[in-house]
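Welcome! Take a moment to look over the sequence and the 3D view, and then we will walk through a few features together.

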Amino acid sequence: MFDLPVVTKTERKAATDFRNALLDMGFEMSQFSVYMRFCTSQTQIDTYCKRVEGALPEGGRVNILQFTDKQYERIITFHGHAKQAPQKSPDQFDLF
């Protein structure tokens, strides 16, 4: 989750560049300032934390949450008034 300054044109460009960097790293957007990525190990999490930190613009704030497959599967999602089906945990060995 992140919060970035977007008052000036330069800040808006930096925020867009940061979001694009997250997408390039394999994150997917859950909400506008909430991106997620499945990691298979603590080492991989540490690697992505360093990459996110390196891409973060001046004045930006990031909170990284870690949770297990079971916790992810228990997320309750609503779209409008309709409850959505539970999300399946990503397969660890998907090849793109």
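How many disulfides does the structure hold? This is a predicted model, and the count in it is 0. To see why C39 forms no such bond, look for the cysteine sulfur closest to its own: that atom belongs to C49 and lies 7.9 Å away, which is too far for a bond. A disulfide would need the two sulfur atoms within 2.5 Å. Seen from the other end, C49 is in no disulfide either, with the sulfur of C39 as its nearest cysteine sulfur. C49 counts as partly exposed because its relative accessibility is 25%, and the partly exposed range lies between 20% and 50%.

Now let us turn to helix α1, which runs over residues 9–24. With 16 residues at 1.5 Å a residue, α1 should span 22 Å, and this agrees with its end C-alpha atoms, which are 22 Å apart.

Which residues of α1 are buried? They are A15, F18, R19, A21 and L22. These residues cover an arc of only 155° around the axis, so they sit on the same side of α1. On the other side of the helix, K9, T10, K13 and D24 are exposed.

What covers the buried residues of α1? The cover includes the strands β1 (2–3), β3 (34–36) and β4 (61–62), together with the helix α2 (42–55).

Finally, follow the chain past the end of the helix. Just after α1 you will meet G26, which takes a positive phi of about 95°.

How values were computed:
Residues numbered from 1 in each chain as written. Predicted model: local features only at pLDDT ≥ 70, side-chain atom pairs only at ≥ 80, totals over all residues. Heavy atoms only, no water. Helix = DSSP H or I, 4+ residues; strand = E, 2+ residues; numbered from the N terminus. Expected span 1.5 Å × (residues − 1). Buried < 20%, exposed > 50% of the residue type's maximum accessible area, 1.4 Å probe, protein only. Arc of directions from axis to C-beta. Contact = heavy atoms within 4.5 Å.
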